[in-house]
Amino acid sequence: MKNFTSFADVDDYRVLLNKALEIKADPFGYQHIGKNKTVGLIFFNPSLRTRLSSIKAAYNLGAQAWVLNAGADSWTLEMADGAVMNGGTQEHIKEAIAVMSQYCDVLGVRTFPTLKDRDEDYQEVVFKKIMQYATVPVISLESATLHPLQSFADLITVAETKQKERVKVVLTWAPHVRALPQCVPNSFCDWFSEIDWIDFVITHPEGYELDPKFTKGARIEYDQRKALEGADFVQAKNWSSYKDYGQVISNDPNWMLTPEHLTGSNDAKFLHCLPVRRNVEVSDAILDSPNSLIIQEAGNRVFSMQTVLHELLSL
Ligand code: CP
């Protein structure tokens with residue numbers, strides 16, 4: 001693995017997953033890997049989990065970490081090639097990333113989608129530029145279209161919790177008050193459709209179909225209750241439309257997950273990447289139930305990042 005930006009960067013998910021479980025069992029067992037190493041973390045938008053779990057992961061490996069809030073802590077960055085910089089931007093991304101590469105051994109980057117220009121977002125214009133100018137391995141802390149560290153943490157959570165060999169995992173769309181990116185569900189599909197011991201089903205209202213490049217032929221069931229029948233795990237998440245790009249085309253509150261929705265499930269365990277809008281996306285009764293894995297899942301963000309750092313700092 002040279003960079004970590006999607007499932008495709010992972011040589012063998014089984015090896016990576018086993019390494020994560022091993023690291024979780026002994027979090028300080030690889031402190032020599034990070035000795036005299038620095039992890040750089042750049043955020044172009046807010047974060048609680050990704051920021052803190054990445055710092056903790058670096059410390060667990062014996063490495064140092066720095067964080068830059070791009071734009072707020074630094075000069076305002078220019079992204080456009082060939083720009084005449086006589087306006088508000090003060091430093092070009094070209095120098096900024098090359099310079100930051102001098103100050104770290106691996107660079108984690110969180111970018112953002114416009115939710116206006118689908119081609120620009122899905123071509124990962126900003127993230128690709130950063131990879132072009134970086135001279136150290138790059139980790140996606142969430143890009144315009146994907147959030148692989150989250151999906152890897154979700155996979156760790158399912159693997160360590162499941163009670164039987166094969167499990168049914170359902171990704172369900174949930175209502176929200178804002179138009180959100182497709183990064184988390186895209187990534188969830190990118191990873192979970194590839195796992196040989198998972199029967200993966202996606203459910204959402206018509207019009208919320210995700211990019212087929214990420215759903216990879218997974219079963220899509222428009223009837224939420226039917227989709228949830230026999231489910232062992234359910235991940236709820238809102239996303240805006242991919243087809244009518246960035247639009248909220250419907251916001252049916254009946255899609256909010258409640259215990260009643262899970263009556264046909266196999267006592268399903270509940271996942272959500274967080275942050276969650278309580279009683280909009282998911283009811284309190286689900287979030288606070290013994291079947292809710294949301295805190296364990298967020299805790300596993302340390303181990304997904306630590307495992308990826310272990311690989312990239314060992315290069
Ligand atoms: N799930 C997640 O990435 O959370 P943050 O946006 O708080 O990092």
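This passage describes the annotated binding-site residues of a predicted model and the surroundings of two of them, Glu142 and Lys237.

In an unreviewed UniProt entry, the feature "binding site" is listed for Glu142, His176, Lys237 and Arg277. Glu142, His176, Lys237 and Arg277 are included in the lining of the largest pocket. The unreviewed entry also places the feature "domain: Aspartate/ornithine carbamoyltransferase carbamoyl-P binding" at residues 2-160. In the predicted model this span is 39% helix and 15% strand, and its end C-alpha atoms are separated by 27 Å.

Glu142 is located in the loop that runs between strand S6 (138-140) and helix H6 (148-161). Its relative accessibility is 14%, so Glu142 is classed as buried, the cut-off being under 20%. When neighbours within four places in sequence are set aside, the contacts of Glu142 are Val109, Arg110, Thr111, His147, Cys183 and Val184. With one of these residues, Arg110, the contact involves both side chains: the side chain of Glu142 forms a polar contact with that of Arg110 at 3.1 Å.

Lys237 belongs to strand S10, which covers residues 233-237. Lys237 is also classed as buried, because its relative accessibility is 8%. With residues up to four places away in sequence not counted, Lys237 touches Leu171, Thr172, Trp173, Ala174, Leu180, Val184, Pro185, His272, Cys273 and Glu281. Val184 is thus listed among the contacts of Glu142 and among those of Lys237.

Terms used: Residues are numbered from 1 along each chain as its sequence is written. This is a predicted model: local features need pLDDT of at least 70, side-chain atom pairs count only at pLDDT 80 or more; totals for chains, interfaces and linings use all residues. Side-chain values use heavy atoms; hydrogens and water are left out. UniProt positions are given in the numbering used here, feature names are shortened, and annotations may be inferred rather than shown by experiment. On a 1 Å grid over the protein atoms alone, a cavity is a set of points where a 1.4 Å probe fits but cannot get out, and a pocket is an open set with protein on both sides within 12 Å along at least five of seven lines; lining residues have an atom within 4 Å of a point. Helices (H or I, at least four residues) and strands (E, at least two) are DSSP runs, numbered from the N terminus. Buried means under 20% relative accessible area, exposed over 50%, partly exposed in between (1.4 Å probe, protein chains only). Contact means heavy atoms within 4.5 Å. A polar contact is a pair of N or O atoms within 3.5 Å; within protein, one must be able to donate a hydrogen and the other to accept it, and residues adjacent in sequence count only if both atoms are side-chain atoms.
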